[in-house]
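This report describes the fold of a two-chain model, its strand pairing and the contact between its chains. The sequence and structure are shown first.

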Amino acid sequence: MRPNDRQYLKSHEWCKIDGDVATIGISDYAVEHLSDLVFLDLPAVGSTVSAGEPFGEIESVKAVSDIYSPVSGEIVEVNEALPDDLDTLKADAFEAGWMIRVKVSSTAPDLMDGPGYDQHLAAEQG
Amino acid sequence: MSRSDGASLRVVRSGALSPALNLAIDDVLLTQGVGTTVRTYRWEPAGLSIGRFQDPKWFADVAGTHQLVRRSTGGGAIYHGDELTFSVAFDARVGWDTDETYVRIHDAILRALASIGARSQRVPADAPAPSPRAQKNAWCFAVAGRHDLVAPDGRKLLGSAQRRVRRPRDRILLHGSLVLGRPQATPFVAAVADQVAVDEIRARLDDAVIDELATSLEPGSHASERPLTSTELAEAAARARRFELAEGANTL
């Protein structure tokens, strides 16, 4: 069971909204699925993200994947230490492994709650 | 479109194109393509491609006449001279995670090589991956890691990398380089020319790579050659700039 205090995209990102700020990361399933994480690229504070559009990239086993934003808005904080400590992402994808915080202007229309995301994972794994 | 409905498999033989355009075409087939495409291509002029997270400054002084480009895929730098390059772009599917995709595609290439008399073997899946941080300034072919195809002498024969996008469709691109003749810039690579006279097998190897990839990706499907459309070429031309690197620049 994934935490139900936040919402998820099918592409395995989560966002936890507190007031008008969303904390965004990727799920434990995504981390496990990517296996050997090598590089992570995150945007800078002050840049904007759009719901459903990529905001970062992550590399594992010579495979690069886009990371998509569940919300639109301006980035107010970035987990600057994370790209140099990807073990944190492996150990705690839902808390210490957060990636960016965004002042939210709108959210993606296709966000799922925790149980909905669990169902999606079951389907994706066949 | 399900995979069991006899969906056709598209084959694109691009011939020799510029490095940036080659990468842009793969990007178009990944992000705008539908179904499964197998593509073969070559490089004119020669290319030096670095992985998405590599620093171009390490490769600024490499001798030779080539265009420096940054791939959207991972891994290390490759000098693209006399080689057969292939790409596959397809909808993500259950069971084909990153590792399994390498295994299946590399085994197809292994069979294609065997058909023209070149021996290779795949490094087992439980072998360690190359040291992550060392990849920042590394040549792709310098060290063989898990899933890589190696020649009988243990040197790496196939370099490949992947990219996955999940929107608008969940799709995977894998492209790979089979070195035919060894480039001066990377004298440590294994080359098909070490085992067979490449001028006699170029066309046959091209066909074998396409056939084996088609069989692996879409068994039982009908493969048909469908060249890039003018719309796709125009889109690729517009994206090509994104892959070009001036020395020391980071344009992605």
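## Strand pairing in chain A

In this predicted model, strand E2(A) and strand E3 (residues 21-26) of chain A run antiparallel and are joined by six bridges. Within this pair, Cys15(A) stands opposite Ile24(A) of E3(A). The hairpin of E2(A) and E3(A) has two residues between the strands, and Gly19(A) adopts a positive phi near 65 degrees there.

E2(A), which covers residues 13-18, also pairs with strand E1 (residues 7-8) of chain A, again in the antiparallel sense, over two bridges. Cys15(A) is the bridge partner of Gln7(A) in this pairing. Four residues lie between the strands in the hairpin of E1(A) and E2(A), where His12(A) takes a positive phi near 85 degrees.

The following table sets out strand pairs from both chains.

| Strand pair | Sense | Bridges |
|---|---|---|
| E1(A) and E2(A) | antiparallel | two bridges |
| E2(A) and E3(A) | antiparallel | six bridges |
| E1(B) and E2(B) | parallel | eight bridges |
| E7(A) and E9(B) | parallel | three bridges |

## A sheet built from both chains

An open sheet of nine strands, with mixed pairing, follows the order E4(A)-E6(A)-E7(A)-E9(B)-E10(B)-E6(B)-E2(B)-E1(B)-E11(B). Its edges are strand E4 (37-41) of chain A and strand E11 (223-225) of chain B; each has a single partner strand, so one side of each is left without a neighbour in the sheet. From one strand to the next, the twist averages 20 degrees.

Strand E7 (residues 63-68) of chain A pairs with E9(B) in the parallel sense, and Ala63(A) stands opposite Gln162(B) in this arrangement. Elsewhere in the sheet, strand E1 (residues 9-17) of chain B is parallel to strand E2 (residues 36-43) of chain B, to which it is paired over eight bridges. Here Ala16(B) stands opposite Arg42(B) of E2(B).

Helix H3 (residues 198-217) of chain B lies across E1, E2, strand E6 (83-91) and E11 of chain B. The helix runs at about 20 degrees to E6(B).

## Contact between the chains

In the interface, 21 residues of chain B are in contact with 19 residues of chain A. On the side of chain B that touches chain A, helix H2 (98-115) and strand E9 (158-165) of chain B are the elements that give two or more residues. E9(B) provides the largest share, five residues. By class, this side of chain B comprises six nonpolar, eight polar and seven charged residues.

## Chain B as a whole

Chain B contains four helices and eleven strands. Its radius of gyration is 17 Å, close to the 18 Å that the globule rule gives for 252 residues, so chain B is as compact as a globular protein of that length. The C-alpha trace of chain B spans about 50 × 40 × 35 Å along its principal axes. Of the 252 residues in chain B, 47% are buried. Among contacts in chain B with a separation of 6 or more, 72% are between residues 24 or more positions apart.

Helix H1 (residues 19-31) of chain B has 13 residues, which should span 18 Å at 1.5 Å a residue; its end C-alpha atoms are 19 Å apart, which agrees. H1(B) is mostly covered, with twelve of its 13 residues buried. Among these buried residues are Pro19(B), Asn22(B), Asp26(B), Asp27(B) and Leu30(B).

Definitions and conventions. Residues are numbered from 1 along each chain as its sequence is written. Chains are lettered from A and ligands numbered from 1 in the order in which they are written. This is a predicted model: local features need pLDDT of at least 70, side-chain atom pairs count only at pLDDT 80 or more; totals for chains, interfaces and linings use all residues. Two strands pair if DSSP finds at least two bridges between them. Axes are lines fitted to C-alpha atoms, for helices over the stretch in contact, and angles run from 0 to 180 degrees between N-to-C directions. Two residues are in contact if their C-beta atoms, placed from the backbone, lie within 7 Å. The radius of gyration is taken over C-alpha atoms; the globule rule is 2.2 Å times the number of residues to the power 0.38. A residue is buried if 20 or more other C-beta atoms lie within 10 Å of its own, exposed if 12 or fewer, and partly exposed in between; C-beta atoms are placed from the backbone. The expected span of a helix is 1.5 Å times one less than its number of residues. Ala, Val, Leu, Ile, Met, Phe, Trp, Tyr, Cys and Pro count as nonpolar, Asp, Glu, Lys and Arg as charged, and the others, Gly among them, as polar.
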